[in-house]
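Grab a pencil and your favourite viewer. Below are a few exercises, each with a worked solution to check yourself against.

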Amino acid sequence: MATAAHTQMHAPEAARAHPWKRSPSAHEALEAHYAANPGTRPHHPHKWDTSRSDIYAENRWEPIFAEMRAAGPVHHIPESPYGPYWSVVSHKAIQHTEALPDIFSSSWEYGGITILDDLPDIPEEERMRLPMFIAMDRPKHTGQRKTVAPAFTPAEMTRLTADIRQRTGETLDALPRGEKFDWVNSVSIPLTTGMLAILFDFPWEDRDLLTHWSDWSGDTELATVRSLDDTRRGMLREMAAYFQILWADRAQRGEAPDLISRMIHSPAMNQMDPQEFMGNLVLLIVGGNDTTRNTMSGIVHALDRFPDQRKLFEEDASLIPNAVQECIRYQTPLKHMRRTATQDTELFGQNIAAGDKVLLWYNSANRDETVFENADQLDITRENARRHIAFGYGIHRCVGARLAELQLRVLMEEMHARRLRANVAGEVERVRANFVEGFRKLEVEITSF
Ligand code: HEM
């Protein structure tokens, strides 16, 4: 309530009591600055701009997507640090969009598969492009995908299982007891790297190179090396030289089941130039690395967050295959893929123009309440967990999905066989990105169940 003393205050006194009233002209000064310097006015983030990585780092993304889904399946976001874009947020609308790959292109020629545009700011001659089939359209995509797809058949997965199981068991047996350690460094990274080494029949003693090389590509850009700093150039050269030696070795060895031999002896390989071969190796290394690694951490984090579900897992190993699907749904290691409209078109009542950027938010589709009941909860007995869309849909659906599922299932089975419980016991650091969903650090302590 205002007192007489307050109302009688002189202006300088009032300013001391309410310092913010001292600078009523700040607003005018800023306006004058913007008028004199066009283009400098800062942008307030659009309330539905889900390209902002802070909403993921601070775990605030779920209600934003829920609000969007309630308002409709497709929305225009007029402003973002990446320019305007469309957000496709429902399960049904993402499947629909991915089923029309000629209208919604993945090609780097239109803009590629992430929200970042394809290096608009870097002159053509300075770009170092690594063509990969994830960022190609038909028919080229079809031929190149065919070179690697046979490495991921169910029969191949059976062949790889014993090796993956043995490496997983050794890693778990070496973990410290009675002390805190980082699950990402001690389990998720070595197991994922080991899985890829087995797939490529990569020299075991050099397997950490696979992690090292996968890191240079940065956390968002699968289609191109963004900047040509010397470190990246050097690493790319180093990797190219290494794979050339492997290539010569495998070419001499004749037909063999590892992925590199398969690529060499595939008929589609005749149409692949050395740049494309290297690009597709990078795609396999990067595509298999961050995603599977982060799900291995995500499983531990989610089971710790939902102790009732952990109890179910510990009591009944037969739930593991479904638990793997549910953990992938819950985690959704890649938040989005991008498409670009090749022509004017209509999508669920919205008019999309040729050249528009269209983002498919898998993290939102996997929380779509019209498909998944109590979608924000982990439920390892969920009947339709398999309907998750974390591997995408249509012609680009993840070619490595079976391998990822195998590695995750074996991890859970070997944890179960050892009655090993990983309790989150310290720092949890999430990846700050709008593309990869995962953990940089996850401190745990092991107990038995
Ligand atoms: C494509 C997710 C593991 C290799 C994709 C796509 C997604 C994805 C969302 C794009 C799908 C689309 O555009 O419709 C994941 C997740 C994984 C995982 C969540 C683990 C949990 C792997 C592994 C490999 C791999 C282990 C190989 C070693 C690829 C390749 C493509 C791809 C080569 C391109 C497919 C194409 O364009 O035809 N993945 N991935 N991924 N993934 Fe995976």
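## Exercises on the sheet, a helix and some odd backbone spots

β1 and strand β2 (residues 85-88) form an antiparallel pair held over four bridges. Keep in mind that this is a predicted model.

**Exercise 1.** Work out which strands stand at the edges of the five-stranded sheet.

*Solution.* Start with the pair above: Tyr-85 in β2 is the bridge partner of Ile-77. Now write down the full order, which is β1-β2-β10-β7-β3 in an open sheet with mixed pairing. Read off the ends: β1 (74-77) and β3 (104-105) each have a single partner strand, so one side of each has no neighbour in the sheet. As a last step, look for what sits on the sheet: helix α6 (residues 91-98) packs there, touching β1, β2, β3, β7 (336-341) and β10 (357-361). The direction of α6 makes about 130 degrees with that of β10.

**Exercise 2.** Decide how well β7 is covered, and find its partners.

*Solution.* Take the partners one by one. β3 and β7 run antiparallel and are joined by two bridges, with Phe-104 partnered by Ala-341 of β7. β7 also pairs with β10, again antiparallel, over five bridges, and there Met-337 stands opposite Leu-360. Next, sort the side chains: His-336, Arg-338 and Thr-340 point one way, while Met-337, Arg-339 and Ala-341 point the other way. Both sets are buried, so six of six residues in β7 count as buried, taking 20 or more other C-beta atoms within 10 Å as the cut-off.

**Exercise 3.** Check whether the length of α8 agrees with the expected span, and find where α8 bends.

*Solution.* At 1.5 Å a residue, the 20 residues of α8 (residues 154-173) should span 28 Å. The end C-alpha atoms are 28 Å apart, so the two agree. Then trace the axis: α8 bends by about 40 degrees at Leu-160. Leu-160 is also buried, along with Ile-164, Arg-167 and Thr-168. Residues three or four places apart in an α-helix point the same way, because there are 3.6 residues a turn. Finally, find the packing partners: the buried residues of α8 pack against α9 (183-200) and α17 (401-417).

**Exercise 4.** Which is exposed and which is partly exposed: Phe-348 or Arg-419?

*Solution.* Phe-348, in the loop between β8 (345-347) and β9 (350-352), has a positive phi of about 45 degrees without being a glycine. Count its neighbours: 15 other C-beta atoms within 10 Å, so Phe-348 is partly exposed. Arg-419, in the loop between α17 and β11 (420-430), has a positive phi of about 50 degrees. Arg-419 has 10 C-beta neighbours inside 10 Å, so Arg-419 counts as exposed.

Conventions. Residues numbered from 1 in each chain as written. Predicted model: local features only at pLDDT ≥ 70, side-chain atom pairs only at ≥ 80, totals over all residues. Expected span 1.5 Å × (residues − 1). Bend = angle between axes of the 7 residues up to and from the residue. Buried ≥ 20, exposed ≤ 12 C-beta atoms within 10 Å, placed from the backbone. Contact = placed C-beta atoms within 7 Å. Pairing = 2+ DSSP bridges. Axes fitted to C-alpha atoms, helices over the stretch in contact; angles between N-to-C directions.
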